[in-house]
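Visitor: I would like to learn how to read a few features in a model like this one. Could you take me through them?

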Amino acid sequence: MVVKTISVGQMATVLGRTLTAIRECIARDKFPFAQCWKTEGKKGRSFSIDKEGFRFYLSNTLGWTDEKIKEAFKEAYIE
């Protein structure tokens with residue numbers, strides 16, 4: 001099965017930021033490839049992060065090389 005999304009934790013590992021920082025940026029629409037919506041219950045938000053959109057963001061917005069992206073994805077256990 002091909003996984004097309006990644007977790008907030010994986011994105012935080014790649015970018016070297018905290019989980020809270022990533023969640024807040026997604027909630028405030030800072031990343032066009034990620035979505036956030038409110039849900040009921042104790043944990044009131046759900047997140048969806050597109051893996052290929054994230055890869056595109058790293059290469060075209062941040063200027064990362066393919067080698068650096070592959071290395072970061074491997075460290076974050078993103079296949």
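Visitor: Why are Glu52 and Arg55 separated by about one helical turn?

Guide: Happy to start there, and please keep in mind that this is a predicted model. Glu52 and Arg55 lie 3 residues apart in helix α3, so about one helical turn separates them. Their side chains meet in a salt bridge, 3.7 Å from N to O. Glu52 is partly exposed at 46% relative accessible area, and Arg55 is partly exposed at 26%.

Visitor: Which residues do salt bridges that share partners join into one network?

Guide: To read a network, look for a partner that turns up in two pairs. Here the network consists of Glu24, Arg28 and Arg45. Glu24 pairs with Arg28, with their closest N and O atoms 3.7 Å apart, and Glu24 also meets Arg45 at 3.0 Å, N to O. The pair of Arg45 and Glu24 links distant parts of the chain, strand β3 and helix α2, 21 residues apart. In total, the structure holds 3 salt bridges.

Visitor: Is Arg28 buried or exposed?

Guide: The cut-off for exposed is over 50% relative accessible area. Arg28 has 59%, so Arg28 is exposed.

Visitor: How many residues does the largest nonpolar core have?

Guide: A core is read through buried nonpolar side chains that touch. The largest one here has 21 residues, and Phe31, Phe33 and Ile49 are among those with the most contacts inside it. Helices α1, α2, α3 and α4 each supply at least two residues of this core, and α1 gives the most, with 5.

Visitor: Which residues form a negative surface patch?

Guide: Asp66, Glu67, Glu71 and Glu75 do. Glu75 sits in helix α4.

Technical notes
Residues numbered from 1 in each chain as written. Predicted model: local features only at pLDDT ≥ 70, side-chain atom pairs only at ≥ 80, totals over all residues. Heavy atoms only, no water. Patch = residues over 30% accessible without salt bridge, like charges linked within 9 Å, V, L, I, M, F, W, Y side chains within 5 Å. Areas by Shrake-Rupley, 256 points an atom, 1.4 Å probe, with all protein chains shown as cover. Salt bridge = Lys/Arg side-chain N within 4 Å of Asp/Glu carboxyl O. Lys, Arg positive; Asp, Glu negative; His and termini not counted. Charge placed at Lys NZ, Arg CZ, Asp CG, Glu CD. Helix = DSSP H or I, 4+ residues; strand = E, 2+ residues; numbered from the N terminus. Core = buried A, V, L, I, M, F, W, Y, C linked by side-chain atoms within 4.5 Å. Buried < 20%, exposed > 50% of the residue type's maximum accessible area, 1.4 Å probe, protein only.
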